[in-house]
Amino acid sequence: MGAMLSSLALAGDLAEIKERGVIRHIGVPYANFVSYIKTDDFESLSGLDVEIVKGFADFLGVKYEYVPAQWNDVVGKLTGQDALYLNNRIELGEKGSIQGDIIANGATVLDWREELVDFSVDYFPSAVWLVARADSSLTPIKPTGDINKDINIVKDLIDDKDVLAMEHSCLDPNLYNLYETGANIILPEPGRKLNEMVPAILNNDAETTLLDVADTLIALEKWPGDIKVIGPISQDQRMAAAFRKNSPELRHAFNEYLTKIRNDGTYHKLIERHYPSVFYYYGDYFRKSNEADL
């Protein structure tokens with residue numbers, strides 16, 4: 001009986017992955033973390049998290065396999081049971097097969113997600129900001145030095161304003177009590193991707209949108225002069241890779257790998273390649289990351 005329990009505990013953990021010879025990377029195409037295009041005669045896969053997990057596969061001595069997902073099924077592909085965050089609580093969905101071993105796509109560490117998965121140490125900073133079209137009557141706030149005060153100022157500004165948000169993601173309005181602000185929360189049609197939020201407001205679908213740090217940095221470079229950051233909606237957040245709760249050894253190995261690439265300079269080069277402007281906004285985070293003992 002004990003041997004059986006031990007075998008179950010290792011199901012999908014490091015020993016099984018090494019025996020299988022493949023680590024399956026679940027990813028949702030998002031910002032510069034995962035870029036995935038597939039047609040009948042063409043396939044392209046790139047991004048920060050793609051490079052990190054491919055490097056981790058080499059570190060383990062196994063092959064790499066990509067498993068495409070969407071925000072509404074990414075947890076289910078890891079755990080074998082779909083789960084969504086609706087109306088401030090987790091709703092479990094249908095059970096299915098486990099399709100991958102690690103989620104890595106700029107996943108924000110959120111309380112509700114931590115009930116379902118275990119995260120690695122964080123390796124990218126984030127936060128959710130309010131972004132508006134350049135012609136909006138809203139003006140960027142002057143930071144007070146107190147993030148809570150800044151958030152409250154921004155929330156006061158969106159009373160009676162159209163705000164584009166997205167459930168099941170870090171832009172979920174329920175996470176930040178936005179329905180209590182008097183804002184007109186607009187949820188996009190199913191299937192809209194996070195990188196389509198700025199094009200939506202430029203198309204006058206709404207005056208403003210929620211956007212996280214990674215997408216904001218990309219949007220500011222892609223549409224210079226067309227959008228402006230009004231201020232924060234959330235506290236500082238962190239991004240990390242996610243693992244099943246019965247995969248502690250795999251998670252530990254990934255943390256060891258992050259330590260290695262931070263120490264040998266690989267991590268810094270990857271960040272420079274995919275998010276060169278993030279150092280301007282979050283220089284302290286990356287200085288501390290290089291000094292961290294994981």
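Helices α3 and α10 pack with their axes 10 Å apart and at an angle of about 155 degrees. Angles over 145 degrees count as roughly antiparallel, and α3 and α10 are therefore roughly antiparallel to each other. Their crossing is right-handed. This geometry, like everything below, is taken from a predicted model.

The contact between these two helices involves Leu 48, Glu 51 and Ile 52 on the α3 side. On the α10 side, the residues that meet them are Leu 270, Ile 271, Arg 273 and His 274. Two of the residues named here also form a salt bridge: Arg 273 pairs with Glu 51, and their closest N and O atoms are 2.5 Å apart. Arg 273 belongs to helix α10, which covers residues 266–274, and Glu 51 belongs to α3, so that the pair links distant parts of the chain, 222 residues apart. Is Arg 273 buried or exposed? Its relative accessibility is 52%, and Arg 273 therefore counts as exposed. Glu 51 is partly exposed, with a relative accessible area of 27%.

Helix α3 itself runs over residues 48–60. Its 13 residues reach 19 Å from the first C-alpha to the last, which is close to the 18 Å expected at 1.5 Å a residue. The buried residues of α3 are Leu 48, Asp 49, Val 50, Ile 52, Val 53, Gly 55, Phe 56, Ala 57 and Leu 60. Leu 48 and Ile 52 are thus buried and also take part in the contact with α10. Just after the helix comes Gly 61, with a positive phi of about 80 degrees.

Helix α3 has another packing partner in α9. Here too the axes are 10 Å apart, but the angle is about 105 degrees. The range from 65 to 115 degrees counts as roughly perpendicular, and α3 and α9 are therefore roughly perpendicular to each other. From α3, the residues in this contact are Glu 51, Ile 52, Gly 55, Phe 56, Phe 59 and Leu 60. They meet Leu 250, Ala 253, Phe 254, Glu 256, Tyr 257 and Lys 260 in α9. Glu 51 and Ile 52 appear in the contact with α9 and in the contact with α10.

Helix α9 has 16 residues and reaches 23 Å between its first and last C-alpha atoms, close to the 22 Å expected at 1.5 Å a residue. Its buried residues are Leu 250, Ala 253, Phe 254, Asn 255, Tyr 257, Leu 258, Ile 261 and Arg 262. Among them, Leu 250, Ala 253, Phe 254 and Tyr 257 also meet α3. After α9 comes Gly 265, whose phi is positive, near 90 degrees.

The loop that leads from β15 to α9 takes part in salt bridges as well. How many salt bridges does a search of the whole structure find? The search finds 12. One of the pairs is Asp 101 with Arg 244, whose closest N and O atoms are 3.6 Å apart. Asp 101 lies in the loop between β6 (89–95) and β7 (102–108), while Arg 244 lies in the loop between β15 (237–243) and α9 (248–263), so the pair ties together parts that are 143 residues apart in sequence. Both Asp 101 and Arg 244 are buried. They are also members of a network of salt bridges that links them with Glu 16, Arg 20 and Arg 24.

Another pair is formed by the side chains of Asp 118 and Lys 245, at 2.7 Å from N to O. Asp 118 sits in strand β8 (residues 118–119) and Lys 245 in the loop between β15 and α9; the two are 127 residues apart. Asp 118 is partly exposed at a relative accessible area of 26%, and Lys 245 is partly exposed at 42%.

Two single residues complete the tour. Thr 108 lies in strand β7 and, at 1% relative accessibility, counts as buried. Leaving aside residues up to four places away in sequence, Thr 108 touches Arg 113, Phe 119, Cys 170, Gln 237, Arg 238 and Met 239. Ser 277 is found in the loop between α10 and α11 (278–291) and is partly exposed, with a relative accessible area of 22%. With the same sequence neighbours left out, Ser 277 touches Leu 217 and Glu 221. The C-alpha atom of Ser 277 is separated by 9.8 Å from that of Ala 214, a residue 63 places away along the chain.

Conventions
Residues numbered from 1 in each chain as written. Predicted model: local features only at pLDDT ≥ 70, side-chain atom pairs only at ≥ 80, totals over all residues. Heavy atoms only, no water. Helix = DSSP H or I, 4+ residues; strand = E, 2+ residues; numbered from the N terminus. Expected span 1.5 Å × (residues − 1). Buried < 20%, exposed > 50% of the residue type's maximum accessible area, 1.4 Å probe, protein only. Salt bridge = Lys/Arg side-chain N within 4 Å of Asp/Glu carboxyl O. Axes fitted to C-alpha atoms, helices over the stretch in contact; angles between N-to-C directions. Parallel < 35°, antiparallel > 145°, perpendicular 65-115°, else oblique. Left-handed = near helix turned anticlockwise from the far one by under 90°. Contact = heavy atoms within 4.5 Å.
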